[in-house]
Amino acid sequence: MNITFSQNFQELSNYDFKAIESYKTEQDKVLECANYLFNNPMTKDELNRLTAIQYIMKWMEGTPAYTFEIGDKAMELSKGNSDLLGLYLAAMTKVVLEHEGKPLSNDAIYKKAEIILVDYCANSENKIKPSKKIKKLIKKQKKT
């Protein structure tokens, strides 16, 4: 089911996760932010995108339920591009929240997040410049 409406995440820019429970109660909103990022091009409402990424990052930093490993593979994937790194973090969040209750290894999270990011970059309508690593993965994807 796809619900499309103009989302405004401005109220999230000042949100503080005060209590441990707030990380759990905010999971739906965090997933909504991640989905928003992957369902809209980079050029659509940049302030909303930035707010969504910042909110996701705040949640990632403090959630007691998950530990996120941002290793060399992730850095190679984003190659210093903060937009790509932000999307990769959103993809990791999307993966763990959509597989809640099913523990995933760091490697499994990376692979699933990589697929989300590569698919997003492969769509030219999303107007994001892929890194060299992502370009290679897109080429490989087209061959299969």
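## A guided tour from Glu114 to Lys24

Begin by selecting Glu114, which you will find in helix α6, the helix that runs over residues 106-122. Keep in mind throughout the tour that what you have on screen is a predicted model.

With Glu114 still selected, show the residues around its side chain. Leaving aside residues up to four places away in sequence, Glu114 touches Leu77, Tyr88, Lys133 and Leu137. Now add Tyr110 to the selection, because a polar contact is a pair of N or O atoms within 3.5 Å, and the side chains of Glu114 and Tyr110 make a polar contact of 2.7 Å.

Which side chain of opposite charge is nearest to Glu114? It is that of Lys133, at 4.7 Å, and although Glu114 is buried, it has no salt bridge. The distance to Lys133 is 4.7 Å, whereas a salt bridge requires a side-chain nitrogen of Lys or Arg within 4 Å of a carboxyl oxygen of Asp or Glu, so this pair is not counted as one.

Next, turn to the pairs that do count. Side chains of opposite charge can pair when their charged atoms come close. In this model the count comes to six salt bridges, and the tour stops at some of them.

Select Asp107 and Lys73, whose side chains meet in a salt bridge with an N to O distance of 2.7 Å. Because Asp107 lies in helix α6 and Lys73 in helix α4 (residues 72-78), this pair ties together parts that are 34 residues apart in sequence. If you colour the model by accessibility, Asp107 should appear as partly exposed, with a relative accessible area of 34%, and Lys73 is also partly exposed, at 41%.

Salt bridges that share partners also join Glu11, Lys29 and Glu32 into one network, so select these three residues together. The side chains of Lys29 and Glu11 meet in a salt bridge of 3.9 Å, taken from N to O. This pair links distant parts of the chain, since Lys29 sits in helix α2 (residues 27-39) and Glu11 in the segment before α1 (20-25), 18 residues apart. Lys29 forms another salt bridge with Glu32, where the closest N and O atoms are 3.7 Å apart. Here both Lys29 and Glu32 lie in helix α2, three residues apart, which is about one turn of the helix. As for their surroundings, Lys29 is partly exposed with a relative accessible area of 25%, Glu11 is partly exposed at 48%, and Glu32 is partly exposed at 25%.

Now switch to a surface view and look for the second largest pocket, which has a volume of about 210 Å³. To outline this pocket, select Met42, Thr43, Glu46, Arg49, Leu50, Ile53, Ser82, Asp83 and Gly86, which line it. Which helix gives the most to this lining? Helix α3 does, with four residues, and both α3 (46-62) and α5 (82-98) supply at least two residues each.

For the last stop, select Lys24, which lies in helix α1. The side chain of Lys24 makes a polar contact of 2.4 Å with the side chain of Glu100. Finally, add Thr63 and draw a line between the C-alpha atoms: Lys24 and Thr63 are 39 residues apart in sequence, and their C-alpha atoms are 7.8 Å apart in space.

Note on methods:
Residues numbered from 1 in each chain as written. Predicted model: local features only at pLDDT ≥ 70, side-chain atom pairs only at ≥ 80, totals over all residues. Heavy atoms only, no water. Buried < 20%, exposed > 50% of the residue type's maximum accessible area, 1.4 Å probe, protein only. Lys, Arg positive; Asp, Glu negative; His and termini not counted. Polar contact = N/O pair within 3.5 Å; in protein donor to acceptor, adjacent residues only side chain to side chain. Contact = heavy atoms within 4.5 Å. 1 Å grid on protein atoms, 1.4 Å probe; cavity = no way out; pocket = protein on both sides within 12 Å on 5 of 7 lines; lining within 4 Å. Points joined across faces, edges and corners; volume = space filled by probe spheres on them.
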